[in-house]
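This briefing is meant to be read with the model open beside it, moving from strands and helices to aromatic side chains. Please keep the sequence at hand as well.

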Amino acid sequence: MYVQYSGNGLILCVAVLLGGLWAVTSRFFRSRQKIAHLGAVWKKNQEGFACCPLSSQNRALVHLWSAGTVDPHMRRRHKDIDMERKTVEMGMGPDFDDDQEGAGDGVQMQPLVEGKRRVFTSKPKNALNASSLTVFLLTVGLVCLIGGARSYLGMSSGPASRRMQVTTFNVAAINNNPFEYWLSMPENPAYEDLMGKVEDFLENPGDKDVPVNKVFTQEMFDKLDARLTGVGWKSVKTYWDEDFSKRTIVEGFLKDKSLGSKRLASMPDRVTNTIFTASGSPVFRPTVINMYEKDLNNQDMWWKAWEKFMFDDKLKMKDKDGKVSEQAPWEMLQPIKKAKYPAISEEEEADSLPLQTLCGAIFDGILVSMMNTVTKPDVWQPLKRTIVENLNKKKIPHTLEILEKQYIDASIMTLQEVSSALIDEARKGKLGRNFHIISPKNLDVVRDQNSVILLCKKTFPKGMTEEVSDVVESMFPQGVKVPVANGDILAITAKNARGDDFVVASFHGDTNGLATIPVLDAIVAAMKNSDKIPDSARLIFGLDANTYEKGVEGKTQDVMLWGAHYMEHGLTSCWGDLPDKTNYTTYNARTYLQPQLNKACKRTEKREKGDVNPKDFILFQKKEFNVIQTWKDNTGEKKYVEDMAFPTLQFPSDHGILSTIVEPSFE
């Protein structure tokens, strides 16, 4: 939001604070008067009068004064206590007649008749209590001052302000495999212990590297083959008898690079790991590496659940035209084409449907056996449920909680990889009350990963003027394939409360970052050439650029080359002109509990072999904005812990949040 510190507001803050200080000072001197008043009360008490009403504290003081035994602590607080007592005793202090005004605390002593004794009472001379006035003025002053400080730091959201806080965040799609990435869980050492044992099992299996038929038994295969032929597929008995049954589970199967190249185990996992039905509810294949909740205590329990799921469970599925029909998971598998995966043979291509089903069953069976070998079911399964609960089921609530608690003061948020469910929940809650939440017209309903923009309603009262994503994409060079999917780009125009025009864009780059430069070029070209974008519009561009500390030409986008490129367009970033290639915003590494072991990182190699890169940026015209402050966050508390793998149970994304406060240099 733009921020401006009002001169009148500053004067008001100072005036109220000075009023509070005056009240404190006044209270101090009035307390000195009260000492004299209480001394007079003491004198009257000595003359036989009953003086009332006195508080319990004042009665105690009178008693102490009369005895001359005020303790050292009380003497420090009321250092004139003895002097005032002696003054009254000598007749030199304030003398009270029956109707004379008291000499302290703004009271009048009024005589009443009670029998033969005269009783003195006191009543307030002023209606306003000094303590209440003091607290009130100081509180108001501090509130005003804090409000002014928030404005000064760019945290106010008033429409007339100048500074803006811009936040970008790749919230990351929900990962169906709770074990896929190394987590930082210092509060639960059982996690590190378990993952270390899995790593040791796969790196040094020894005599635990048993034949496949000891884990996926002959009886299981016979039932599976009957199921395959029963649905009209070819028997895979030859593959089993001559090859797979004789392999060892680790070196012969899990670590076989050719199986990875042919996608015979990873493809069926991708299709059936987590299936979203027509109602939107997920269904999980019985395996270690998804959110399957039922017990997998032994091989027989796993196999019965797996066979039933793949062949007997009829799921209501919606096709691309919206038509609902029932399908079993085996019907969802797709042939593996040699044209796309050349490692597969022609025979294997022809048999790819039953063959990948066999390999998928062997893969899941090995994982269950391994987990129950390295630890007990009542250790790893509760741990898995804890991770699922925090990182999967509560991912959307955790994400929204962080944005609502820490980044509600933003003027603009650009989010990437946002699910439809998160968009819906955001619109229902605090973010929806404070922001215009804008999603792309071509929403990706298949991958369910979309770029989204949030505009503060105070800063941008009318929200989006127009979406111009299609204009940007039309600027791609003819005949050049830019790796951009539906929902990756969202570009809009908007006008703030001051009447300034903006182009705001959010973008999720491809894994290798090769679309990042073409998309930036297209945005700049659209701003120069499109009639839909005002000539005076300023650019705010938040993105997951997917850039790398050490890029490889033609394969991965180097971050320094990226920085040099955006500078050619007269742009700068929240990090300055050229980025620091070691200023990382990701730190994640794959574990051994996922289908592609060639991508697994040992626990001692998470930093060297993981995805630790400077990927996230906020761009704008250098001549239009000055950076006041920038920070990154991988804790949800506006703090970034370097050398910590994330997500964590507290922070549900594998990208850090990036936020900056900028001040316009234009009038």
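What follows describes a predicted model, with its points grouped by topic.

**The sheet that contains S14**

- One open sheet is built from six strands in the order S12-S13-S14-S15-S17-S16, and the pairing within this sheet is mixed.
- Strand S12 (464–467) and strand S16 (571–573) stand at the edges with a single partner strand each, so one side of each is left without a neighbour in the sheet.
- From one strand to the next, the twist of this sheet averages 25°.
- Strand S13 (residues 489–495) and strand S14 (residues 501–508) run antiparallel and are joined by seven bridges, with Leu 490 standing opposite Ser 506 and Ile 489 standing opposite Phe 507.
- S13 and S14 form a hairpin that has five residues between the two strands, and in the turn Gly 499 has a positive phi of about 95°.
- On pairing with S15, strand S14 runs in the parallel sense over seven bridges, and here Ala 505 stands opposite Phe 541.

**Helices on this sheet**

- Helix H20 (residues 516–529) lies across S13, S14, strand S15 (538–544), S16 and strand S17 (616–621), and its direction is at about 165° to S15.
- Helix H21 (residues 559–568) also packs on the sheet, where it touches S15, S16 and S17 and makes an angle of about 15° with the direction of S17.
- Taken together, S14, H20 and S15 make a right-handed β-α-β unit.

**How enclosed S14 is**

- Is S14 enclosed or open to its surroundings? Eight of the eight residues of S14 are buried, so this strand is largely enclosed by the rest of the structure.
- In a regular strand the side chains alternate between the two faces of the sheet.
- In S14 both faces are covered, with Asp 501, Val 503, Ala 505 and Phe 507 buried on one side, and Phe 502, Val 504, Ser 506 and His 508 buried on the other.

**A second six-stranded sheet**

- Another open sheet of six strands follows the order S10-S11-S9-S4-S19-S18, again with mixed pairing.
- Its edges are strand S10 (435–438) and strand S18 (625–633), each of which has a single partner strand, so one side of each is left without a neighbour in the sheet.
- The twist in this sheet averages 15° from one strand to the next.
- S10 and strand S11 (residues 450–456) run antiparallel and are joined by four bridges, and Ile 437 stands opposite Leu 454 in S11.
- Helix H17 (residues 420–428) lies across strand S9 (412–418), S10 and S11, and runs at about 160° to S10.

**Aromatic rings and charges**

- A search of the whole structure finds 19 aromatic pairs.
- In one of them, the rings of Phe 216 and Trp 303 have centres 5.6 Å apart and planes at 80°, so the pair is edge-to-face.
- This pair links distant parts of the chain, 87 residues apart, since Phe 216 is in the loop between helix H6 (189–203) and helix H7 (218–230) while Trp 303 is in helix H12 (residues 299–311).
- Phe 216 and Trp 303 are both buried, and they belong to one aromatic cluster with Phe 221, Trp 240, Trp 302 and Trp 306.
- Phe 460 and Phe 502 form an edge-to-face pair, at 5.7 Å centre to centre and with 80° between the planes.
- Phe 460 lies in the loop between S11 and S12 and Phe 502 in strand S14, so the pair ties together parts that are 42 residues apart in sequence.
- The charged end of Arg 162 sits over the ring of Phe 666, 5.6 Å from its centre, and Lys 632 lies over the face of Tyr 640, at 4.2 Å from the ring centre.

How values were computed. Residues numbered from 1 in each chain as written. Predicted model: local features only at pLDDT ≥ 70, side-chain atom pairs only at ≥ 80, totals over all residues. Heavy atoms only, no water. Pairing = 2+ DSSP bridges. Axes fitted to C-alpha atoms, helices over the stretch in contact; angles between N-to-C directions. Contact = heavy atoms within 4.5 Å. Phe/Tyr/Trp six-rings, centres within 6.5 Å; stacked < 30°, edge-to-face > 60°. Buried < 20%, exposed > 50% of the residue type's maximum accessible area, 1.4 Å probe, protein only. Lys NZ or Arg CZ within 6 Å of the ring centre and 35° of its normal. Right-handed = clockwise from strand over helix to strand, strands pointing away.
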